[in-house]
Amino acid sequence: MNSLRMLRPAAARAVSASRARMAQSAVVLKPSLNSTARQITRPLSIKSLFASKGDNDQSTAIKQPILSQDNLFHPMSESPIPEIRDRATIIKKYGTCPVCNEEHHGDRAAMQSPEFECPDCGLPTHCCEEHYHKGKTEHDKICGILREHNEDEHDLRSGRPMKEFEFPSAQGFDEAINMANWDVFFYTRSFPSMDSDRNMRHVSKLLTYPITIGSVLHESSPYRKQVTPEGLRSLAAIRSILYPKVILAKDGVTMLKTETVNLYLLGARAESTLPPHIWLQLSHLFPQTPFHLHFIGPDTLPPNREPYTTFLNDRLTFTYDNAMYHDYHEKIGSFDPYRDIYFLFAPGIGHPDSREAWKPSIAKALDTKCAMFITGFDQTDVQTDVKAVEEDHGEDFDWILKPTENHFKSLKHDINLQDLTQAICANWGIWGIRGKRYEVTHNTEDE
Ligand SMILES: [Zn+2]
Ligand SMILES: [Zn+2]
């Protein structure tokens, strides 16, 4: 089992998945990392955003709000929401006092656990009031983000009707979508109730996965400057499938020739826990195209779950499989750069604990000559992965998208519960490569 689960940093494996899921965001519990080693923060699950799971009635309309909008700030350990009190317990148990950390050079045995809650953000940040005052200048740099996190988490569980999660349906034929950034995307897609930064943060945390994919593939993609000439060739091939031309059939009937596009999401994690209907928002960007999403990797499903395939409608198919990608690859057999695309969301390719496990998977994916897009949760994460891929596969790939900040990153910060000095935004940056010696061959014309 251990060998199967080493694709992502082993650090995350130190806690059981269930506890990690409870913690919801940052899942880094590796006590032995020295202070200079960069710890990784990757969202494992976003299911808990959908608090009423199991209810037959999914609407929140009948519920009485527990918390009013002017009552969203609470010291975590005194929160009226049990889930948030649990989170305080986790931080106190596994967290770090940054002042102790500094004084004891990362030696955890000598450190006190963070029991003192900052009065401004309400999180247990330091071991005691004395250390809180000692480290306050440093803490102030992130206190505002933590306060925002505190209020956002209370808001999500406040019991108010979450109107921002009522997503729009298909696009009208005469409505053009603008993919420049979240604001104009929400506007041109007629998202209702997107009138506060908090609404945007809640929604972007979910939609960053489907819309990051959409924004790269869409013809109004915001990355014109970062896409290389090789990238243009790849995208032109893919777009010829995504935007099919009307064909005049022999009997005079016009029809569209549509082909399924496969999206291989390697090392899938949080994205595999998204409710399937969230992916409709990708579907709506390409109303002609059926998509098959393949969520592959040891964190895709809870341990020991059998792989399965399911459908939302005739244009969205999902396969979930805990296999390592290089094994899954063999099952698929043939690949087509026109119809097969890889997306790796914050894969941690350069992380020392997972780098070796990624090598054969990346090599197989490059072999296909299909486009591969990779995100990272901050600049260092992107640079670490780029460096590892350059060192391990430098001869074998061409750039298709130069590293850049993702216009559709999550606007919400994920907090590392083990180290509150770390806050990241899912899919902060994006870059793209594909296997070298790309030849345009596409045999569907003969089919
Ligand atoms: Zn301390
Ligand atoms: Zn604070």
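Let me open with a single contact: Arg233 forms a salt bridge with Glu230, and the closest N and O atoms of the two are 3.7 Å apart. The two residues sit three places apart in helix α8, which spans residues 229-242, so about one helical turn separates them. Arg233 is partly exposed, with a relative accessible area of 36%. Glu230 is partly exposed as well, at 25%. Elsewhere, salt bridges that share partners join Arg147, Glu148, Glu151, Asp152, Arg198 and Arg201 into one network.

Before going further, I should state that this is a predicted model.

Colleagues, let me now give the overall picture. The protein chain has 12 helices and 14 strands. Of its 447 residues, 57% are buried. If we take the contacts between residues at least 6 apart in sequence, 73% of them join residues at least 24 apart. The chain exposes about 19800 Å², and carbon and sulfur atoms supply 51% of that area.

I return to the charged pairs. Side chains of opposite charge can pair when their charged atoms come close. How many salt bridges does a search of the whole structure find? The count is 28. One member of the network mentioned earlier, Glu151, meets Arg147 in a salt bridge with an N to O distance of 3.0 Å. Both residues belong to helix α5, residues 136-156, and they lie four residues apart, about one turn of the helix. Arg147 counts as partly exposed because its relative accessibility is 30%.

A further pair is formed by Lys134 and Glu103, whose side chains meet in a salt bridge at 2.7 Å, N to O. Lys134 lies in helix α4 and Glu103 in helix α3, so this pair ties together parts that are 31 residues apart in sequence. Lys134 counts as exposed, at 56% relative accessibility, and Glu103 counts as partly exposed, at 36%.

I turn next to the metal sites, beginning with ligand 1. Which residues coordinate this zinc ion? The donors are Cys97 (SG), Cys100 (SG), Cys127 (SG) and His131 (ND1), at 2.0 to 2.3 Å. The angles among the four donor atoms run from 95 to 118°, and the site is tetrahedral. Along the chain, the donors follow the spacing C-x2-C-x26-C-x3-H. Within this set, Cys97 and Cys127 link distant parts of the chain, 30 residues apart. Cys97 is in the loop between α2 (82-94) and α3 (98-103), while Cys127 is in the loop between β2 (124-126) and α4 (129-134). Both Cys97 and Cys127 are buried.

The zinc ion that is ligand 2 is coordinated by Cys118 (SG), Cys121 (SG), His139 (NE2) and Cys143 (SG), at 2.1 to 2.4 Å. This site, too, is tetrahedral, with angles of 104 to 117° among its four donor atoms. The donor residues of ligand 2 are spaced C-x2-C-x17-H-x3-C in sequence. Are Cys118 and Cys121 buried or exposed? Cys118 counts as buried, at 1% relative accessibility. Cys121 counts as buried at 0%.

Let me move to the nonpolar interior. The largest nonpolar core has 56 residues, and those touching the most other members are Phe185, Leu217, Leu263, Trp279, Phe343 and Phe373. Several elements each supply at least two residues of this core, including the helices α6 (182-188) and α7 (197-217) and the strands β5 (261-266) and β9 (340-344). Helix α7 gives the most, with nine residues.

Phe343 merits a closer look. Leaving aside residues up to four places away in sequence, Phe343 touches Ile213, Val216, Leu217, Leu263, Tyr264, Leu265, Leu266 and Phe373. Apart from the largest core lies another, of 26 residues, among them Leu266, Tyr342, Phe397 and Trp431.

I close with Lys364, which is placed in helix α11, residues 355-367. Lys364 counts as partly exposed, at 27% relative accessibility. Which residues does Lys364 touch, not counting those up to four places away in sequence? They are Tyr325, His326, His329 and Glu330. Between Lys364 and His329, 35 residues apart along the chain, the C-alpha separation is 7.3 Å.

Notes. Residues numbered from 1 in each chain as written. Chains lettered and ligands numbered in written order. Predicted model: local features only at pLDDT ≥ 70, side-chain atom pairs only at ≥ 80, totals over all residues. Heavy atoms only, no water. Donors = N, O, S within 2.8 Å, 3.2 Å for Na, K, Ca; no water. Tetrahedral: all angles 85-135°; square planar, octahedral: opposite > 155°, others 65-115°. Buried < 20%, exposed > 50% of the residue type's maximum accessible area, 1.4 Å probe, protein only. Contact = heavy atoms within 4.5 Å. Areas by Shrake-Rupley, 256 points an atom, 1.4 Å probe, with all protein chains shown as cover. Salt bridge = Lys/Arg side-chain N within 4 Å of Asp/Glu carboxyl O. Core = buried A, V, L, I, M, F, W, Y, C linked by side-chain atoms within 4.5 Å.
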